[in-house]
Structure formats: structure tokens, C-alpha cells
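Student: Please walk me through one part of this protein slowly. I would like to see how a single piece fits with what is around it.

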Amino acid sequence: MTEKALRLGTRRSKLAMAQSGQVADAVSQVTGRPVELVEITTYGDVSREHLAQIGGTGVFVAALRDALLRGDVDFAVHSLKDLPTAQHEGLVVAAVPEREDPRDVVVARDARKLTDLPRGARIGTGAPRRMAQLNAYARTHGLEIETVPIRGNVDTRIGYVRSGELDAVVLAAAGLNRVGRIDEVTDFLSVDTVLPAPGQGALAIECAADNASLIAALAELDDPFTRVAVTAERSLLAALEAGCSAPVGALADLLADGQIVKEMRLRGVVGTTDGTTLVQLSTTGPVPETHEAALALGRELATEMLAQGAAGLMGERAH
């Protein structure tokens, strides 16, 4: 008799289905059990309002978590950057698999790079974080751009460029990789130009905290380096008391000497969406050995950023 299929809760978007499908295959391999996808519609999927106005992070997550808590699904896959920073009672992130490319990318008309865009180019993005950094970059490099708030899935966003409504859109490399459309990218943005969202490119596999056997099985998919990096990034975000609608970027990268990882560098940025004010800092130290050490690293950098005026920038929300 074959074992009962595990039920994986996923959002219905093409990207969510693609990443959940990849996780389903991996979970099937480590558990030897079939995995079926259970599609769940979230408030963030049906609302047409801008994310900043409907509550930011949690809007894609709440319905999946409700399904987990009711026992309708056994585990769920989230884009880590959508996950609120507060730990949820009764649930546990059992695995953070190896991270995809965390960078932001440009898809522009005529295969242009960011620096080749015409004067006054209209660039679409739904993230205040991207707007703040793009506008700051443009200001310091003599570019004239206009950032335009947009929403929608990958097709919708790239459609604005194809139709000529926008000159370019900025998206996450990881999402385009997962839906097989990375070849449409015209420019990969260096993290020195635009720091990604905390946790960007990483997935979180969440299940009920009392399901010990499933937690143990899913743990085989966990990548310890990705986990400490995103823990530090999200700790920075939490300490800045920012939701996903706040213009915060963060990235922890591991600095290696040959094959040996020696240190971790954590960078953070917060700014006004027009890019006139930016607080950008970094810290480098030994790779955190524990969850607590990773949390502490994020908190320390946040404290320095707050001391340099980040607090005054946090109140700003995208309009």
C-alpha cells in the first residue's frame, strides 16, 4: 500500500505554482511519499490595491497559514520575503532551501540596460525599496527616470514594457528563473546599485510545530548558510520595525577564502522613495554559529542605522 500523499499548500500564481512544484519534487525524494499541490487563493492575489496599502507582507501568507492550522494542508511554501518577521504560534519554518539569485533585474525595451534608458524613462516597480534606491542611483549618476508603481504577475509587469506603456520594469531574478523567463532580462542590477528585499530569492517551507516527523523530513532540504543569511536580514527588518511596504533592503553574503567560508557581511539600506535620503550601512563578522547570533547581527546593524536617522525614514509608506 502506498503512503498517503502529503498536501502542499500553495498560492495559485504561476510563480508560486512553479516554486511549489520544485519543492514538491524535492520533498517527494526525501520522504518517498507523493506530494499533491493544494491551490489556495490569498487576499493579496485577489485585491487590486497596492501592497503597501493592504498591509504588506502578510497578505499572501495568512490564507496559507490558516489552511495549515486547520489541517487542510500538511505544509506550505512561501517566498521568504512575503513572510512576516514575527514567529507564528503553532507553526515552524522547517526548511529554508538553498537560495536562488537574490538580485533585482531590469526588463527594458530595446534590450537596454539601466544606464542606457532614454531621458525621463518610466520604470515600473511595486516596491518602495526599489524606488528609493533607483531614484538615489539616478540622482548620483545623472540619469533622469520616473518610477511608476505597478502590481500584477510577471506576465502583467513585462506586458507594460512590451506594450510600450513603460520603458522598463524591475523584478526579482529568482522569480524569473523559477518560471523559466530569465532570458528576457536586459540588465542584472548589482547589489551595490539596488539591495534586494530581506530574504529575496529564498523560500520558506512551513508546517505545524507539532508534526515532528514531517519537520525532521523537511529539515533535509534546509541550507544552513541560506538560513543564517536570511535570519540576519529579517532580524534587521524586524528591528527597523518595517513591514514589506517599507523601503528597506538587506543582504547577507558569505565571504569565502577559496572553498572555506570565513565571514558574513550584512548590508542594509533604508530611504525615502524619491531617493533624496538614504541610510546605507554594512557590518562584517564571523559567520553566525547560532540562530541567536544571526538575530543579534541584524539587530546591531539596525541599531546603527537608526542612530544615523533611519527611524525618520521608516514612517514613509508608498502612496
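**A close look at helix 1**

Tutor: Happy to! Let's begin where the piece ends: helix 1 is followed by Gly32, whose phi is positive, near 70 degrees. Keep in mind as we go that this is a predicted model.

Now step back along the helix itself. Helix 1 covers residues 14-31, which makes 18 residues. From its first C-alpha to its last, helix 1 reaches 25 Å, close to the 26 Å expected at 1.5 Å a residue.

Next, find the residues that are tucked away. In helix 1, the buried residues are Ala16, Gln19, Ser20, Val23, Ala24 and Val27. Looking down the axis of helix 1, you would find these buried residues within an arc of 150 degrees, so they line one face of the helix. Turn to the other side of helix 1 and you meet Lys14, Asp25 and Gln29, which are exposed.

What covers the buried residues? Several elements take part, and among them are strand 1 (6-11), strand 2 (35-40) and strand 3 (75-79). The cover also includes strand 10 (203-208), along with helix 6 (173-178) and helix 7 (212-218).

Let's follow helix 6 a little further, as Arg178 lies in it. Leaving aside its neighbours within four places in sequence, Arg178 is in contact with residues including Leu15, Ala18, Gln19 and Gln22. You have already met Gln19 among the buried residues of helix 1. Other contacts of Arg178 include Glu100, Gly201, Ala202 and Leu203.

Arg178 deserves a pause of its own. Arg178 is buried yet has no salt bridge. The nearest side chain of opposite charge belongs to Glu100, and it is 4.9 Å away. A salt bridge needs the charged atoms to be within 4 Å. The side chain of Arg178 does have a polar atom 2.9 Å from the backbone oxygen of Gly201.

Finally, here is the wider setting. The protein chain has ten helices and 13 strands in its secondary structure. Of the 319 residues in the protein chain, 51% are buried. If you take the contacts in the chain with a separation of 6 or more, 72% of them join residues 24 or more positions apart.

So when you return to the picture, try tracing helix 1 from residue 14 to residue 31, and then look for the buried residues that line one face and the exposed Lys14, Asp25 and Gln29 on the other side.

Notes:
Residues numbered from 1 in each chain as written. Predicted model: local features only at pLDDT ≥ 70, side-chain atom pairs only at ≥ 80, totals over all residues. Heavy atoms only, no water. Helix = DSSP H or I, 4+ residues; strand = E, 2+ residues; numbered from the N terminus. Expected span 1.5 Å × (residues − 1). Buried < 20%, exposed > 50% of the residue type's maximum accessible area, 1.4 Å probe, protein only. Arc of directions from axis to C-beta. Contact = heavy atoms within 4.5 Å. Lys, Arg positive; Asp, Glu negative; His and termini not counted. Polar contact = N/O pair within 3.5 Å; in protein donor to acceptor, adjacent residues only side chain to side chain.
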